[in-house]
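Hi everyone, thanks for making time this morning. I'd like to walk you through one structure, so let me put it on the screen.

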Amino acid sequence: MSKMINYIPGRKPVIELIQNEPEKIDLVYFQHHKGGALAKIVNQCRHNRIRYKFLNRADLDRIYSGNHQGVIARTSAQKTIPLGEILAKAQKAYLPVLLALDQIQDPGNVGTLARTALALGTGGFIVPKDRSAYLGAGAYKASAGAIQQINISRVTNLARALDEARDSGFWIYAARYDLEAENIFDFRIKFPAILVLGNEEKGIRPNVLKRCHHSLYIPMPGGFDSLNVAQAGAIMLGQFLGKKERKSD
């Protein structure tokens, strides 16, 4: 995936993208002190709850060296879908599981998780709009293209999204090691399910954790406990798949 695919420069192209496919936009960059000509686009970003950021001219030029007219939209690698739609699709997926990524920052981790999730037939991802990895070239490369095929829903508030999922009959599981967590190899998983994976350093936020029915952990008898989030997610999804297939027998 080239850089040109990820960045849309110029006032008219950005306005058209906001009007026609606002869900595809990850972030809009504006030039500081450019004047009132960009105020309309800023207002459209606010109206559509699209993140935006002001930069100086030199920083904008580093993102796109051509005539950007003081505005550049950064797009995701894939078009996202509404929460209600992904919940409905997930219930019909081969593995009726969604991954909720709570502010995972590394595009490589997201891409690797997408590759695993697509291979195992899950329903896709739920990701918060803020403080999450950019689903661009890095995620695309790590996923071997899976990021463009998997269903993704970007939500303003992950905790409220999990509330809606619970109301739709989903069981919410947190990938987290604590005194109350259950051994995933022994625990009986109920479907449809959502597996919540937390930030690489801070883990799952308390307000998100409160929405989870259970916490699950991976026992590591080898004494080496430094699995990253993509590795832990892959192991857990494999267990979800095995438990689903045994249940179907």
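Let me start with a quick one for the room: is cysteine 45 buried or exposed? Cysteine 45 is buried, because its relative accessibility is 0% and the cut-off for buried is under 20%. Please keep in mind that this is a predicted model.

Cysteine 212 has a relative accessible area of 13%, so by that cut-off cysteine 212 is buried too. And how many disulfides turn up in a search of the whole structure? Zero.

Now on to the pockets. The largest pocket has a volume of about 550 Å³. Its lining is made up of 23 residues, and those closest to the centre are Ala175, Arg176, Tyr177, Leu227 and Ala232. Which elements supply at least two residues each to that lining? They are strand 10, covering 193–198, strand 11, covering 214–217, and helix 10. Helix 10 gives the largest share, with three residues.

Let's stay with helix 10 for a moment, which spans residues 229–248 and holds isoleucine 235. With a relative accessible area of 31%, isoleucine 235 is partly exposed, because that value falls between the 20% and 50% cut-offs.

Isoleucine 235 also belongs to a nonpolar patch on the surface, together with Phe185, Met220 and Leu227. Between them, these four side chains' residues have about 290 Å² of accessible area. You'll recognise Leu227 from the pocket, where Leu227 is among the lining residues closest to the centre.

That's my tour, and I'm happy to go back to any view you'd like.

Technical notes
Residues numbered from 1 in each chain as written. Predicted model: local features only at pLDDT ≥ 70, side-chain atom pairs only at ≥ 80, totals over all residues. Heavy atoms only, no water. Patch = residues over 30% accessible without salt bridge, like charges linked within 9 Å, V, L, I, M, F, W, Y side chains within 5 Å. Areas by Shrake-Rupley, 256 points an atom, 1.4 Å probe, with all protein chains shown as cover. Helix = DSSP H or I, 4+ residues; strand = E, 2+ residues; numbered from the N terminus. Buried < 20%, exposed > 50% of the residue type's maximum accessible area, 1.4 Å probe, protein only. Disulfide = S-S within 2.5 Å. 1 Å grid on protein atoms, 1.4 Å probe; cavity = no way out; pocket = protein on both sides within 12 Å on 5 of 7 lines; lining within 4 Å. Points joined across faces, edges and corners; volume = space filled by probe spheres on them.
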